Every structure is written in C-alpha cells, then in structure tokens.
Amino acid sequence: MTDTLNQGSILAGKYRIDRVIGSGGFGTIYEAFDLNLQVKVAIKEYFVNVRSGRRDERQEANMIARLEHVPGVIKLMSFFFENGTSYMVMEYVEGETLRDYLQRNGVMDVDFLFSLFQPLLQSIGMMHQEKIIHRDISPDNIMISPNGKLTLIDFGSAIELTSVNNKQEVVLKHGYAAPEQYQTGGYQGTWTDVYAMSATFYRALTGNKPPEALELVRRTALIAWNDRQIPRTVASVLAKGLAVKYTDRISTMEVLSEQLSKAIKEKQVHVDEAFSEGEGGYRGKQGSKNAPIMIAGIVAIMAIIGFVVYGQSRGNKISAHETGVNQGTEISNTMDTEVTVTQPVQTPLPETSQAVADTEAHQTVPEVTMLDQPLEYSSEELFTVREVCECVAITGSDPSLTVAVIPPTIGGLPVLDIEGMGANVTKVVIPEGVRGLGEYSFKNCRYLEEIIIPASLIEISDGAFDNCSSLKTIYISLDNQEFYVIDGEIYSYTYGTKLN
C-alpha cells in the first residue's frame, strides 16, 4: 500500500485521520484523533509489500510495549489490522525533530547539548537492559518538545540483542550507521547505538553531517572538529564513540554519559586542529592511543622490511613474506630475494591466554623471506559477489580457481567482506580493505594450505575456517592489531581466544 488515507477516514471505528506527518521506507505516519479518548495520536500504516509479514510489524509494536516504563521512548497505545495491512497507534509527541530544530537554530553549545541529552542517554541505557537496540538513532528519530524533553521514535529497525548474530537485513542511515551495520550478520550491539548517538552529537555540535562509516573505513574521510571550538576533552570522548572498530568503541550509553560528564567538567583546552584517523578511532596529533596490543618484537622485523606478514606453520617454522598488499591497492612486483635474521629475536606477546603465556619463552623469528614470484590479481569473473551499500561481499569462487589473489575491487566496487570461497582453493591472498570473514568464508575448503590476511581485517566469525584440514600457514600483516598467529593458529588480541 503506497496510497495515503484520505483526510477524515476512520480506522478501527474510532481513529480519525487528520493529516500525513511523514512517510518512510516501511510506511506512512499520520496525525489522527482518538474520538473516544479525545486526544491526538500518531498512527503508523505499514506498506503491504515492504515487510516480510505481520510478525515483523508485531515485533516493532511488542518492543515498544516492553519499553512502556522507560521515559523518553515513544509509547504504544494500540495495534490492529485493517485494509489488508496493519496499523500501530502511538502517543502524539508535540514538537519537532532534532533535525528540524538544528536547521532552524544552528549548532548547540556543549553544556546545553549534554543537559538536553543526558536523560535520553539514561533512557537508552534502560532500553539496552531490556535487550533491545534501536539501530536507527539520528536527528530524524529524536523529537524535541517545546519544554526541551527528548523522545526517541521509530523502532522499525530495532532488534533484540539475542538475535544480533542472525543475519539481519541491512537497514541503515548513512552518516549515523556504524560500520558493522553495512555487513549482513555484522556483530551489532549496544556499541552500535553508541556510534549513532556520537554521530548525532557531532552533527549537533559542528553543524556538519557525519561522514559515512565506509568513508572512515576506507580512510577517504576524517572526523574533523577544527571548524568549531569544541573542548578537546569532549572531542576525545566522541572520537571514541565513533571508533571504526567496535572493540575500540565506547560500548554502552552509561559509559558515554559518564565520560562526557567528566569531559565537560574538565574542559580547558579547545580543539584547534582536525582529528586524524588512528587505529580504532580518530585522534588529535597529540592524542596517541598507545594501544597495549602492539608487539615489541615487531620493531626488529620492521627494521629489516617496511611491510611484512608473518605466520607460523604447524611444522614449527616461522616465516614472513612480503605480500605487496600494502596501504595501496596494487600487488606489484616482489623481489626474488632472501633475507636472513642471523640472531633470534624475542617476540613477547600480550598475556591474553594461557596458550600465549606458554609460548612466549621460545618465540623467535629465524628467517624472513620474500615471495618468490610477482602476484597478479585473479580475474573478477572467477568470483561471485553480493552488493551491499556500494561495496561487495564475495560469496564464492569458480571451482577452477586454486590460487585466489582477490582483487580489492570487483565491478568497480570495493571488496569489504568475504562470506564464502570455492572448495578447491589452495592459497588465498586477501586484499587490504577487507574488514571481515563470515562464518562460512572458508568452511570446507579442505585443500586450503596458505592464507594471507591484511591489516584491515578486524573480524573473523566463528566457523570461518571449519574443516580446513590442510591449512598449514597463516600470514598476518604486522600492521594488523586484531589478530596474531602461534603454531599456525589465529588468536584474538582482544579475547585471547583461538579462531581456527
């Protein structure tokens, strides 16, 4: 149903349609009047062919009903079926959207912003305790009343935290959607809403629309604060809220509120330069993160080769190869040269698991070699892909492909994710720019022996290497700060857990 109801139409025998408030991807919102209670209401009419059935529509209503005790969240009044579709009746919130308010009044002062939003941050924290994430927080979906009260509306994209590991439809608002929302099955949680709220703060404080998450992932855009006198302490907190890696991001609204409150109290110095991108976020020139997960032994290897990848086979041999997969997008000529490290180099690793602790004593790098031949990208025609928001995810490859050097772009679109690969591959080179490996990426690739992982990879789903019985060597870029290899096994720095 795309035609709107006529003014004066009666629904459920008691709701008079007065006017259209707005229309979105899922339905139309009306201002209506409850003839029995004599109050204004808002009614959402779902488009017949948009949702996959009445269960999804009921799900939105059920989640709002569960949040009846949470202040600052739109209240549900009724839900019914009519005209071959469904309708959700909600309280009518007087005022305007935050988007309209900002267009009319300009940017907000930091102190006013926090005093206005602090109650809403607490409300969203309560919503998260009910295992619900909104996934569409933005100035469009926050109402501001004449008395300054904020109300979160539109739960059409909301899901329960218990279902985030299931494949969700990609529904996002550019500039406010977190990077993980661009991936089907991306690991979403309370941190996803933190990203959107931080982006909303950025819009309110600077007057600028936040860059799209994929631009931040590709490093074609920066979070810039220098056009407004924003306290450095506040900018630093919001930079952590906008971190590209969810593991580096502020994870809850409670922490965001606490850190903003502290930052505002401590504000002394103002930002006078643009924030530049760092690992897992965006920092000022003096705001180095000094991540504890950097490996001390890297320094010795980087003194020999500017960019190497390292791995260790199950045969107790540690080797490192130059891949040509560096900060650019080309895999160019490599040198047919061997470099030998004459003295063993100690490589202490973070104490994130017992396995790491047990192997620290004998971690050495006896040999560093180059690839013995140039690499050429495999033909794009050999890969099957799925387009996702101006990017592609690889879903498989031709059975004839054995050595897969994945190109960074296919059909002119960047490769962001690998969800599947042909069963006959023996060697795979993943290009810089790929962010994640899905749960079926290399499942049942029984002939896979070697794989090269770039610095950009931040997520490896459980099951990505299931039944890879021939996998002997894994090479990981030294610039990758998410994963490391011991005895041919991939470990996570964050959790200290084995991933293959």
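**View 1. The second largest cavity and the residues around it.** In this predicted model, the second largest cavity is lined by Pro-179, Glu-180, Gln-183, Tyr-187, Leu-214, Val-217, Val-244, Tyr-246, Leu-416, Arg-435, Ile-458 and Glu-459. The space inside comes to about 110 Å³. Sort that lining by class and you get eight nonpolar residues, one polar and three charged. For context, a search through the whole structure turns up eight cavities of 30 Å³ or more.

**View 2. The largest pocket, looked at from its centre outwards.** This pocket has a volume of about 950 Å³. It has 35 lining residues, and the ones closest to the centre are Ile-29, Asp-140, Asn-141, Ile-153 and Asp-154. By class, the lining of the largest pocket splits into 13 nonpolar, 10 polar and 12 charged residues.

**View 3. Strands and a helix around the largest pocket.** Which elements give two or more residues to the lining of the largest pocket? They are strand 2 (15–23), strand 3 (27–34), strand 4 (39–46), strand 6 (85–91), strand 7 (96–97) and helix 2 (98–105). Strand 2 chips in with the largest share, four residues.

**View 4. Two non-glycine residues with positive phi.** Asp-154 isn't a glycine, yet its phi is positive, at about 60°. You'll find Asp-154 in the loop between strand 10 (150–152) and strand 11 (159–160), and it is also one of the residues closest to the centre of the largest pocket. Gln-38, another residue other than glycine, has a positive phi near 60°. Gln-38 sits in the loop between strand 3 and strand 4, and both of those strands give two or more residues to the lining of the largest pocket.

**View 5. Helix 3 packed against helix 7.** Helix 3 (residues 110–129) and helix 7 (residues 253–266) pack at an angle of about 160°, and their axes are 8 Å apart. Angles over 145 degrees count as roughly antiparallel, so helix 3 runs roughly antiparallel to helix 7. Is the crossing of helix 3 and helix 7 left-handed or right-handed? It's left-handed.

**View 6. Who touches whom between helix 3 and helix 7.** On the helix 3 side, the contact is made by Val-110, Asp-111, Phe-114, Gln-118, Leu-121, Ile-124, Gly-125, His-128 and Gln-129. Helix 7 answers with Met-253, Glu-254, Leu-256, Ser-257, Leu-260, Ser-261 and Ile-264. Counted by class, the contact of helix 3 with helix 7 has eight nonpolar, six polar and two charged residues.

Terms used:
Residues are numbered from 1 along each chain as its sequence is written. This is a predicted model: local features need pLDDT of at least 70, side-chain atom pairs count only at pLDDT 80 or more; totals for chains, interfaces and linings use all residues. Side-chain values use heavy atoms; hydrogens and water are left out. Axes are lines fitted to C-alpha atoms, for helices over the stretch in contact, and angles run from 0 to 180 degrees between N-to-C directions. Angles under 35 degrees count as roughly parallel, over 145 as roughly antiparallel, 65 to 115 as roughly perpendicular and the rest as oblique. A crossing is left-handed if the near helix is turned anticlockwise from the far one by less than a right angle, and right-handed if clockwise. Contact means heavy atoms within 4.5 Å. Ala, Val, Leu, Ile, Met, Phe, Trp, Tyr, Cys and Pro count as nonpolar, Asp, Glu, Lys and Arg as charged, and the others, Gly among them, as polar. On a 1 Å grid over the protein atoms alone, a cavity is a set of points where a 1.4 Å probe fits but cannot get out, and a pocket is an open set with protein on both sides within 12 Å along at least five of seven lines; lining residues have an atom within 4 Å of a point. Grid points are joined across faces, edges and corners, and a volume is the space filled by probe spheres set on the points.
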